[in-house]
Amino acid sequence: MNFLTRFRNLAIAGLLGAGVLLGGSQQASAVTFGFDNIAGGSTAGDAYASNFKLDVTDLGAGKVLFQIVSAAAPAMNYFISTIFVDNSAPSSFSDVPLSSDASTSVGNVAMDRIGGGTLPQGTNVGFSSNFMFKRDVPGTGSSIHQGETAGFIFDVVGDFASLIGALTSGELRFGLHLQGLSGGASDSYVNSVTPVPLPAAGILLIGALGGLGFASRRKKRVAV
């Protein structure tokens, strides 16, 4: 195996490990959304909005995995107390789990679905909760702490592209209530309608793969 082939294989492995879709078949489609502060509400947690993300992954067969990821921040004592879902009509889901268990969840936090509830500050952005999830105790309290992930597998209506369309249009929104901030304060966030772009490293790797392909083809032509 020559150097170009070895480098190409390593680059592809890196892209797959990073969750980048190549050719539509090697990896399930996945889109990541960040979370935004709610204008006109509390500013206590504004500096931490970038510590949370929503990963949406197409599992096929009409099932989609939603994961709320709280980045590791050992110096912080905050926690997500509740995840709220605002799903405008028509519903994006044909079935929503009552709880996250081995068949409906991915992550290290088990959650239970309860009534609609109200996202604090949510009225500022017209957020109307259809249902919400809280941590299934026993656990580290009824919350998601830094460095933890809560995941849910939903049965969806339509294809993955239409679901992402609902997220980018604001017809489907996820809200987080963050507590444990300095002085006992709390804050809320709603997912951004703009997906997180591919990291620069991923773009560079894709460019490198294209360059390697060109170099390989040129070498073959020269050899001939």
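A residue counts as buried when its relative accessible area is under 20%. A salt bridge needs a side-chain nitrogen of Lys or Arg within 4 Å of a carboxyl oxygen of Asp or Glu. Both terms matter for D187 in this predicted model.

## A buried aspartate without a partner

D187 is buried, yet it has no salt bridge. The nearest side chain of opposite charge belongs to R173, and that is 14 Å away. D187 sits in strand β11, which covers residues 187–195.

What does the side chain of D187 meet in a polar contact? It meets the side chain of Q121, at 3.2 Å. Leaving aside residues up to four places away in sequence, D187 also touches a run of others, including S42, T43, A44, G45 and D46. Among its further contacts are L176, H177, L178 and L181.

Q121 deserves its own look. Q121 lies in the loop between β6 (111–114) and β7. Its relative accessible area is 18%, so Q121 is buried. Q121 also has a positive phi, about 75°, although it is not a glycine. Most residues other than glycine have a negative phi.

A61 is another residue with a positive phi, here about 55°, and it is not a glycine either. A61 lies in the loop between β2 (52–60) and β3. How much of A61 is accessible? Its relative accessible area is 82%, so A61 is exposed.

## Salt bridges

Side chains of opposite charge can pair when their charged atoms come close. The whole structure holds 4 salt bridges. Three of them are set out here.

| Pair | Closest N to O | Places in the chain |
|---|---|---|
| D155 and K63 | 2.6 Å | strand β9 and strand β3 |
| R173 and D86 | 2.9 Å | strand β10 and strand β4 |
| R135 and E148 | 2.8 Å | strand β7 and the loop between β8 and β9 |

Start with D155 and K63, which form a salt bridge. D155 lies in strand β9 and K63 in strand β3 (residues 63–70), so the pair ties together parts 92 residues apart in sequence. The burial classes of the two residues are as follows. D155 has 19% relative accessibility, so it counts as buried. K63 has a relative accessible area of 34%, which makes it partly exposed.

R173 and D86 also link distant parts of the chain, 87 residues apart. R173 is in strand β10 (residues 172–179), while D86 is in strand β4 (residues 79–87). R173 is buried, at 12% relative accessible area. D86 is buried too, at 5%. R173 is thus the partner of D86, and R173 is also the nearest side chain of opposite charge to D187.

The R135 and E148 pair spans 13 residues in sequence. R135 is in strand β7. E148 is in the loop between β8 (144–145) and β9. R135 and E148 are both buried.

## Aromatic rings

Now to the rings. There are 13 aromatic pairs in the model. Why is the pair of F131 and F154 edge-to-face? The ring planes stand at 70°, with the centres 6.2 Å apart, so the pair falls in that class; the cut-off for edge-to-face is over 60 degrees. F131 belongs to strand β7 (residues 131–135) and F154 to strand β9 (residues 149–156). This pair links distant parts of the chain, 23 residues apart. F131 and F154 are both buried.

F133 and F152 make a tilted pair, because their planes stand at 35° with ring centres 4.2 Å apart. F133 is in strand β7 and F152 in strand β9, and this pair too links distant parts of the chain, 19 residues apart. F133 counts as buried at 1% relative accessibility. F152 counts as buried at 1% as well.

Which residues do ring pairs join into a cluster? They are F66, F93, F131, F133, F152, F154 and F174. A charged residue meets one of these rings: R113 lies over the face of F131, at 5.8 Å from the ring centre.

## Strands β7 and β9

These two strands recur in the pairs above. Strand β7 holds F131, F133 and R135. Strand β9 holds F152, F154 and D155. Ring pairs link F131 with F154 and F133 with F152.

Definitions and conventions: Residues are numbered from 1 along each chain as its sequence is written. This is a predicted model: local features need pLDDT of at least 70, side-chain atom pairs count only at pLDDT 80 or more; totals for chains, interfaces and linings use all residues. Side-chain values use heavy atoms; hydrogens and water are left out. Helices (H or I, at least four residues) and strands (E, at least two) are DSSP runs, numbered from the N terminus. Buried means under 20% relative accessible area, exposed over 50%, partly exposed in between (1.4 Å probe, protein chains only). Lys and Arg count as positive and Asp and Glu as negative; His and the chain ends are not counted. A polar contact is a pair of N or O atoms within 3.5 Å; within protein, one must be able to donate a hydrogen and the other to accept it, and residues adjacent in sequence count only if both atoms are side-chain atoms. Contact means heavy atoms within 4.5 Å. Rings of Phe, Tyr and Trp (its six-membered ring) pair if their centres lie within 6.5 Å; planes under 30 degrees apart count as stacked, over 60 as edge-to-face and the rest as tilted. A charge sits over a ring if NZ of Lys or CZ of Arg is within 6 Å of the ring centre and within 35 degrees of the ring normal.
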